[in-house]
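Here are some short exercises to work through with the model open beside you. Try each task before reading its solution.

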Amino acid sequence: MFVGAAAQAQTMASLPVSSAPISAVGTAKPLQGWSQFCETFRSECAVDVTEDTTIDLTPQVWKTIVSVNQRVNSSVKAVTDADHWGVVDVWGFPDDGRGDCEDFQLLKRRLLAEAGLPRRAMRMTVVIDELGEGHAVLMVRTNRGDFVLDNKTSSILPWHRTGYVYIKRESQDTIGWVSLGGIMSSPTTTANR
């Protein structure tokens, strides 16, 4: 995990530069780990269509997003589900201080929702990372574009600057997932740290 000058500078900057949001290109099959998570934590997967689909990014809201991202990244120890639980992919909260990529992002979303941000504007997203592996990030949809919270860096980047291939994300309209058009064969797990 990298917590350097670029990440810390985000707390000082007023707002990030605006960019175009990513577009959905149809429906996608959810990951099994997400489906099992939703059976246990139904409210985490419910879609409240009365909530805003984007966050109005003010300096205070940006500061909250940056702070939560850095706090979770520095307080949770990255460990694969195989090492942690003895299975390939389990989605949950890192209540014991350990978790893999989706666990980091689920905690960030929960904390940001508790801070008053609309859950509907914060979508779990599956990407192919720099190693060619499945990876989960949290996409925060704002009036200034879509930004990615990631446990691999404390810098929050516009989606198109991460270097990732975007596969799918949770739908903002229904319990389910939408395709982001990255590749036709998507990962079945997000099993890395």
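**Exercise 1: the sheet**

Task: Trace the strand order of the open sheet and find its edge strands.

Solution: Start with the order. In this predicted model, seven strands make up an open sheet, arranged β1-β9-β8-β4-β5-β6-β7 with antiparallel pairing. Next, look for strands that pair on one side only: these are β1 (27-28) and β7 (153-158), the edge strands.

**Exercise 2: one strand pair**

Task: Describe how β8 and β9 pair, then find the residue opposite Arg 169.

Solution: First locate the two strands: β8 covers residues 165-170 and β9 covers residues 177-179. Their pairing is antiparallel and includes three bridges. Then go to Arg 169, which stands opposite Val 178 in β9. As background, strands of a sheet pair through backbone hydrogen bonds.

**Exercise 3: helices across the sheet**

Task: Which strands does helix α4 lie across, and which does helix α6 lie across?

Solution: Take α4 (residues 59-75) to begin with: this helix lies across β5 (134-142), β6 (145-150) and β7. The angle between α4 and β7 is about 140°. Now turn to α6 (residues 101-114), which lies across β4 (122-128), β5, β6 and β8. Helix α6 runs at about 20° to β5.

**Exercise 4: the whole protein**

Task: Count the helices and strands, then say what share of the residues is buried.

Solution: The count gives six helices and nine strands. Of the 193 residues, 50% are buried. To finish with the surface, the protein exposes about 8,900 Å², and carbon and sulfur atoms supply 53% of that area.

Definitions and conventions. Residues numbered from 1 in each chain as written. Predicted model: local features only at pLDDT ≥ 70, side-chain atom pairs only at ≥ 80, totals over all residues. Heavy atoms only, no water. Pairing = 2+ DSSP bridges. Helix = DSSP H or I, 4+ residues; strand = E, 2+ residues; numbered from the N terminus. Contact = heavy atoms within 4.5 Å. Axes fitted to C-alpha atoms, helices over the stretch in contact; angles between N-to-C directions. Buried < 20%, exposed > 50% of the residue type's maximum accessible area, 1.4 Å probe, protein only. Areas by Shrake-Rupley, 256 points an atom, 1.4 Å probe, with all protein chains shown as cover.
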